[in-house]
Amino acid sequence: MNRDKKIQKQRLRRSHRVRNRVRGDDARPRLSVFRSNRHIYAQLINDELGQTLCSASSRTGEKYAGTVDDAKKVGAALAEKAIALNIKQVRFDRGPYKFHGRIRALADAAREKGLEF
């Protein structure tokens, strides 16, 4: 099996495992994270209504270098928007990504700003 196909299958399996356990609702929306090579995106989703409540990404604002420090800025920005909407508790959906590096930095920054996972 091709190495790329193997990695793709592992990511798909991991994302299905996470998504089967994590569902967002009114009380605790889902904090979904998407990471590309250049940027990182995060959004709060109410799965019952199919609505995005708020979002933050590295594409807005300052120049983004794809580093852990920039992921922390995105996590802090999302947490501030969530608290302004009176949302304090969320469920973290890391998707197919391991809880490491930029994903962990985003989550830690959101926790520091007051969100509870």
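In which helix do Asp108 and Arg104 lie, and how many residues apart are they? Both belong to helix α3, where four residues, about one turn of the helix, separate them. The coordinates on display are a predicted model, and the tour below begins with this pair.

**Stop 1: a pair within α3**

Select Asp108 and Arg104. Their side chains form a salt bridge in which the closest N and O atoms are 3.8 Å apart. Asp108 is partly exposed, with 29% relative accessibility, and Arg104 is also partly exposed, at 45%. This bridge is one of six that a search of the whole structure finds.

**Stop 2: helix α2**

Move next to α2, residues 68-84. With 17 residues at 1.5 Å each, α2 should span 24 Å, and the 25 Å between its end C-alpha atoms agrees with that expectation. Select Asp70 and Lys73, which form a salt bridge with the closest N and O atoms 3.7 Å apart. These two residues are separated by about one helical turn, because they stand three residues apart in α2. Asp70 is buried, at a relative accessible area of 11%, whereas Lys73 counts as partly exposed at 47%.

Other buried residues of α2 include Ala71, Val74, Gly75, Ala76, Leu78, Ala79 and Ala82. Display β1, β2, β3 and α3 as well, since these elements are included in what covers the buried residues of α2. Just after the helix, Asn86 adopts a positive phi of about 65°.

**Stop 3: the nonpolar core**

Select Leu31, Leu44 and Leu106. Within the largest nonpolar core, which has 22 residues, these three touch the most other members. The elements giving two or more residues to this core are β1 (30-35), β2 (40-46), β3 (51-57), α2 (68-84) and α3 (102-112).

Now centre the view on Leu31. Among the residues that Leu31 touches, leaving aside those up to four places away in sequence, are Ala42, Leu44, Leu78, Val90, Leu106 and Leu115. Phe92, Asp93 and Phe117 are also among its contacts, and they lead to the next two stops.

**Stop 4: the aromatic pairs**

Four aromatic pairs are counted in the model. Select Phe92 and Phe99, an edge-to-face pair with 5.8 Å from centre to centre and 90° between the planes. Phe92 is buried at 16% relative accessibility, while Phe99 is partly exposed at 34%. Add Phe117 to the selection: its ring and that of Phe92 are stacked, because the centres are 5.2 Å apart and the planes meet at 15°. Phe92 lies in strand β4 (residues 91-93) and Phe117 in the segment after α3, so this pair ties together parts that are 25 residues apart in sequence. Phe117, at 30% relative accessibility, is partly exposed. Over the face of Phe117 lies Arg111, at 4.4 Å from the ring centre.

For a further aromatic group, select Phe34, Tyr41 and Tyr97, which ring pairs link into a cluster.

**Stop 5: a salt-bridge network**

Finally, select Asp93 and Arg30. Their side chains meet in a salt bridge of 2.9 Å, N to O. This bridge links distant parts of the chain, with Asp93 in strand β4 and Arg30 in strand β1, 63 residues apart. Are these partners buried or exposed? Asp93 is buried, with a relative accessible area of 3%, and Arg30 is buried as well, at 7%. Include Asp47 to complete the view: Arg30, Asp47 and Asp93 are linked in a network of salt bridges.

Conventions:
Residues are numbered from 1 along each chain as its sequence is written. This is a predicted model: local features need pLDDT of at least 70, side-chain atom pairs count only at pLDDT 80 or more; totals for chains, interfaces and linings use all residues. Side-chain values use heavy atoms; hydrogens and water are left out. A nonpolar core is a set of buried Ala, Val, Leu, Ile, Met, Phe, Trp, Tyr and Cys residues joined through side-chain atoms within 4.5 Å. Buried means under 20% relative accessible area, exposed over 50%, partly exposed in between (1.4 Å probe, protein chains only). Contact means heavy atoms within 4.5 Å. The expected span of a helix is 1.5 Å times one less than its number of residues. Rings of Phe, Tyr and Trp (its six-membered ring) pair if their centres lie within 6.5 Å; planes under 30 degrees apart count as stacked, over 60 as edge-to-face and the rest as tilted. A charge sits over a ring if NZ of Lys or CZ of Arg is within 6 Å of the ring centre and within 35 degrees of the ring normal. A salt bridge is a side-chain nitrogen of Lys or Arg within 4 Å of a carboxyl oxygen of Asp or Glu.
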